[in-house]
Amino acid sequence: MDPNFVQGLHDLLVQATLHETAKVNAATMQLNKEYFKNEACIPALTQIIASPADQGVKQLAAVELRKRIMLNSGDLWIKVPQADRDQIKRNLPDITLAEPVKIVRHQISRVISAIASIEIPLGQWPELLPFLHQCATSAQVAHREVGVYILYTVLENIVEGFQEYMQTLFKLFTSLVQDPESADVRVTTVRALGVIAQYIDADDKADIKAFQSLLPGMIVVLGQCLDAGEEGSAREIFDVFETLLILEIPLLGKNIPELVQFFLQCGGNRNYTDELRVMALNALSWTVKYKKSKIQQANLAAAILGGLMPITTETEADDLDDEVPSRAALRIIDSLATNLPPQQVYPALHTLVQQYMSSADPSMRRGAMLALGVVIEGCSEFMTPLMAQVWPLIEAGLGDADPTVRRATCTAVACLCEWLEEECLGKHAALVPAIMAQVEDPQTQREACTALDALLEILHTVIDQYLHPLMERLVGLLDTAPNRVKAVVTGAIGSAAHASRDKFLPYFQPTMEKLKHFLVLTGEGEEVELRGITMDAVGTFADSIGKEAFRPYFPDMMKQAFAGIEMGNARLRECSFLFFGVMARVYGEEFAAYLPSVVPALLESCKQTEHGEENLILKNGEAAALFGTGESPSNAITITEASEADLNVEDLDSEKMLEVNSAIAVEKEIAADTLGTVFANTRSHFLPYVEQSVIELIDLLNHYYEGIRKAATDSLFEIIQVFYELSDPQEWQAGKEVKVPLHQNVKDLIGHILPPLFEMYESEDDKSVVSALCVGFAETLTKVGPGLAEGSLDVVSNIAIQILEQKALCQQDPDQDESEEPLEDQAEYDSVLISSAGDVVAALANVLGADFSQAFNTFRPLISKYYKKSRSLSDRSACIGCLAEIIAGMKAAITPYTEPLLELFYRALGDEEAEVASNAAFAAGLLVLHSEIDLSGQYLPLLAALRPLFAVAPDAPAAKLNACDNAAGAVSRMIVRNTAAVPLDQVLPVLIGVLPLKSDFLENRPVFRAIFHLFRVNPTVLVPYVDQLLPVFAHVLDPTTEDQIGDEVRGELINLVNALNNESPAKIQAAGLGPFVSGA
C-alpha cells in the first residue's frame, strides 16, 4: 500500500471534518476526483480506521469505507486484489474489538456487514459466523456487545443467507436477551430479533414458536429501558414492536393482551418522562389499529379505556404540536371508537364518563368531556338512540363552575354537531343560548366559538330566529377579541352565512368591512390562521348570497387569494385553493377567465415535494452518509452518536417517507380536490388543462398520505364524468354489450385513468380511500354507462366481491386465521366501506340490466348476509337498500329471485329501525312492480306489513317520515301492478291521508302514477278523495318551492287538473290551481 496515498487520503479526511465550508468543499472535490474512484481507497481507509487517528477522522473513514464497498453492488470492492480483500476480512473483526469508542465501533461493524452482504451470498468468508458466535458468547462483555452488534448489522443486509441458522440464532438470542451485564447487548438483541421477524415465513411454525417464546424477554428489556430512562434505547425497541405489529405473519397474536397491559401500564406511569409515556401510548395506538381483531376477540376495550381515562385528566399542552400523554390517550380512545364495534367501546366509556363527571376534581370532569367528544365520530350511529343519556352530561358540562370543563364540553358539542346533526338540531333551543353564554366568557370564548361554528353549520332555516342577535355579538367580537379568538369567530360567521343563505345579505357588507383588514395580514402564526379562515368565510358568503350580490367584491377577493399563494405559506395556499373552488361553483363558466392563473398554481402544488421527501434539512449524520456523493459536501462534518442509526441509505429513505409535512400534505389534498371542482364548473374552458391535470392526479395516487390519494381519486372520476358530458353523448342503453359507443377521446381518457386506480386498490390499506374509489366508480358508471366498465367488468366485480367478503387488503388483519369467518361485529367505518361496495354492485346492475342476472347469483348471498339482527343499523340498511337498487336495475330479470328476496324484505319491514324498514318498503314495492311472478296472493300480508309505517306524527324523526313516504310509494306500485288485488276502500284513505309526502320526494313519482292510473281505469274510486287531493296537487305544483315531482309527472298532473276543471272549476280555483288551467 502506497503510504503517500494513505497519508493524502488521511489529510483530506481531516480537512473534511473542519468547520470551514471552503476547505470542506475543496476536500470533497479532491476526494471524489482523486481517491474515491480508485479501489485502492478501500485498503487505505481500512488502514486509517486501524490507526490511532482522531475519532472523527476514523468515524468518517468508516462511513466512507462502507459506501465505497457498497457502491454499484460492490464493483469497487471486487476490483481490490483478492489477497487485500482477505487481509481486510481477517483484520476488521479484531480492529472492531480493539476500538474503544462505541460510535466508531458501530461504524466499523457496518463496514463488516457491507462486506458480508457481498461475500456471504457467494459462499465466501466462512470465518465470519463462527467469529460472531464466539464474540456473542464471550465472557467479556465488550466482546458480546461487538459480536451482537455486528450480527445485527449483518442481519439487516443479508438475513436470507441465515435462514438455515434460524434455530441457532434463536437459541443464541435467548441467552443474549437476558445478558446479566450489558443493556447494550439486550437492546441490540431485541433490534436483531426485529430484523429476523421480517423474514419468518408464515409456514415456519417452529420459527414462529421460537420467536414467540422470546417475546416476554423482549418486553422485559423494554421495561428495563423505561425504568432506566434510556429514551434512545426505548425508542429503538418501540420501533421493533411497531414493526412486529404491522407484519403479515401472526407473531404477536397470543401476546396481545400482555402487550396491551404493558403499554397501558407504561403510558400511565407518571414516574416516567412524558416522552417515554407518549412512546408507550403510541405503541398502544398501533396495537389497536393493527391488532383490532385480537383486541375485539379478547374484549379488551373496556380495560384499555379504564387505563386511559386517568391519563386524560392530566395537563393539556398549549401548543397543538406538542405531544403529551393526555393527548395521546385521547387519540387512542378515538382509535378504539373508529376501529372496534361501538358496542364494545361506547357503553364502557359512558359509564366512565358518568363516574368522572360526578367527581369533585375538575380535571376528571374535563377528561370525561374530552373523551366523550373524541368517541362520537366512531360511535355516532350507536349513540343516536342513547342521546337522552348524553344531553344531561352536556348540560352539566356547559354549566360547570370550572372553565376548563366548560371548554372541554364546548369541544364535545362541536363533535356532536358534526356527527349527530339531526339530534343537535332538535336541541337548538337549549344549545344556542348555552353556547352563546360561553361565547360571552373570555375564559371559554375560543372553544365556544368553535362549538357555535359547528352548531350554526347545521341550523339551516332554524337560524332565522337567532341570526340578528348572533351577528350583533359576533361582529362585535371582531373588534375586541384577540386574534386566536377572532379566527374562530370569523369561522362562526361563515357558518351563520351558510345556514341563513340569502337572509345573510343585510349583514354581508358591514361584515366585509370588518373582515377586509384580516385579508392583508402578513404575520406568522395566529395572523396566518386568521387570514386563511377569513378567506374561507368570504367564499361562504359568496356561496350564500349569490354571484350578483358578491360581484363587486369578486375581483378584489381573487387578488387577495393570489396574494395568499405568493406568501409562501401552505395554509394560505390551501385557503386560496378552497376559495377558487367556491368561486368556480358560484360563477361557473365566468370563472374561466382566471384559469390561466389558477390551474398552474394548483398543478404546481400537486407537484411540490414535502419536507420528508427531497427537501430535507440534513442532520450532520445524514450529511456524513451522503458525503462524497456530491449531494451535500458542505455539511459533511461532525458526526454524532445520535445520528448513527441514520447512516444507512435505507434508514434515511424510511425516515423521509414517515416524515409527512402535514401542512403541505393538506394543501396538496385541497389542490387535487379543487382541480376536479374547477373542471366541473368551467366545463369546456378547462379542456386545455385536462391532460396535465390527469397526469398529476394519477401521480398522486401513489402518495403516502391517504387524504391526497382520496382527493386524487375523487377528482379523476369527476374529470371522466365532465369529459363525458362535454362529448355530447347519446343516452346509454343497459346491457353488457356497449350499444351506444363512447366518443374515442372519452374512451382514451378512461383507458388512462382506470388502470392506475385499480392498481392503487391492490396495495391500498386505507378504508376511506377504497370507499372513495367505490363510490366514485359507482357514480361515474351510472352517468357514463356500460362503456366505462368495458374490458374491466371482472376487475370491478372482484373488487366488490373482495370487500363484501371482507378480504380486501384494507380489511385484513394478519392475526385473523384465513379459515376463520370475519367477525360480524364491525366498527362503523367498516360498515361505510361495505355500503360503498354495495353502491358498486347496484351501479353494475343498473347499467347491465338483465345481463346482471348471472352475476347476481354470486352477489345475492354476499349482500344478503349483512341482514341479520346482530348486524349494525348501517349494515342492515345498506343490504336492503342495495338489493332494492339492484331490482330497479334488473327489472323483470329479477323474477327467478323473487321468493328469497320477498322473504328477506318481510323480515326487514319488521325491523325496529325506521331506516331499514323504509328501504324494505322501497325494495318490496319494486319487487312487486318488476317481478313477472303473480304476487297478488302476497298483497294482503304485504299491506299489513307496510301499514305500521304510515302511523307517523308530523314532528316524527326524518327516518320515520322517510319510511312513511317509501311505504306510500310501495303501495302505489302495487296499485299500478295489479289494481284488482288491492282493497282500495281500505288502502286509499291511508295512502291519501299521508299526502303530500314529507321527506322522500322521489316517491312522488310512483304515487302520482298510481293516481293517474286510477283516474284512467277506475275514476269513481277517487271521487270521494278529490277534495283531499286538490290541495296536494297545489302543493307539489307550487312554483315557489323546490321541484318535488319532475317534468313528466308535472305535465301529466297539469293535464289532470285541466280535466277536473271541466267538471268542477270552482273547486280548482278554490284550491289555488287556477294558474295551471289552460287559457288562464
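Modeller: Before we start, a residue is called buried here when its relative accessible area is under 20%. This is a predicted model.

Colleague: Fine. Is Cys417 buried or exposed?

Modeller: Cys417 has a relative accessible area of 1%, so Cys417 is buried.

Colleague: And how many disulfides does the structure hold?

Modeller: Zero disulfides.

Colleague: Why is Cys417 not bonded to Cys424?

Modeller: Because the two sulfurs are 4.0 Å apart, which is too far for a bond. A disulfide needs the pair within 2.5 Å. Cys424 holds the closest cysteine sulfur to that of Cys417.

Colleague: What about Cys774, where is its nearest cysteine sulfur?

Modeller: In Cys810, 8.4 Å away, and Cys774 is in no disulfide.

Colleague: Buried or exposed, that Cys774?

Modeller: Cys774 is buried, at 2% relative accessible area.

Colleague: Change of topic. How many salt bridges turn up in the whole structure?

Modeller: The search finds 46 salt bridges. One of them pairs the side chains of Lys292 and Asp830, with N to O at 3.1 Å.

Colleague: Which helices does that pair link?

Modeller: Lys292 sits in helix 16, residues 292-297, and Asp830 in helix 43, residues 828-848. The two are 538 residues apart, so the bridge links distant parts of the chain.

Colleague: Are Lys292 and Asp830 buried or exposed?

Modeller: Both Lys292 and Asp830 are buried.

Colleague: What does Arg573 pair with?

Modeller: Arg573 forms a salt bridge with Glu667, and their closest N and O atoms are 2.8 Å apart. This pair also links distant parts of the chain, with Glu667 in helix 36 (residues 662-682) and Arg573 in helix 32 (residues 570-587), 94 residues apart.

Colleague: Buried or exposed, those two, Glu667 and Arg573?

Modeller: Glu667 and Arg573 are both buried.

Colleague: Now Arg484. Which side chain does Arg484 meet in a salt bridge?

Modeller: That of Glu526, at 3.7 Å from N to O. Arg484 is in helix 27 (residues 483-500) and Glu526 in helix 29 (residues 526-545), 42 residues apart along the chain.

Colleague: What is the relative accessible area of Arg484?

Modeller: Arg484 has 40%, so Arg484 is partly exposed. Its partner Glu526 also counts as partly exposed, at 42% relative accessibility.

Colleague: Last one. Which residues are linked with Lys89 in a network of salt bridges?

Modeller: Arg85, Asp86 and Glu119 are linked with Lys89 in that network.

Methods: Residues are numbered from 1 along each chain as its sequence is written. This is a predicted model: local features need pLDDT of at least 70, side-chain atom pairs count only at pLDDT 80 or more; totals for chains, interfaces and linings use all residues. Side-chain values use heavy atoms; hydrogens and water are left out. Buried means under 20% relative accessible area, exposed over 50%, partly exposed in between (1.4 Å probe, protein chains only). A salt bridge is a side-chain nitrogen of Lys or Arg within 4 Å of a carboxyl oxygen of Asp or Glu. Helices (H or I, at least four residues) and strands (E, at least two) are DSSP runs, numbered from the N terminus.
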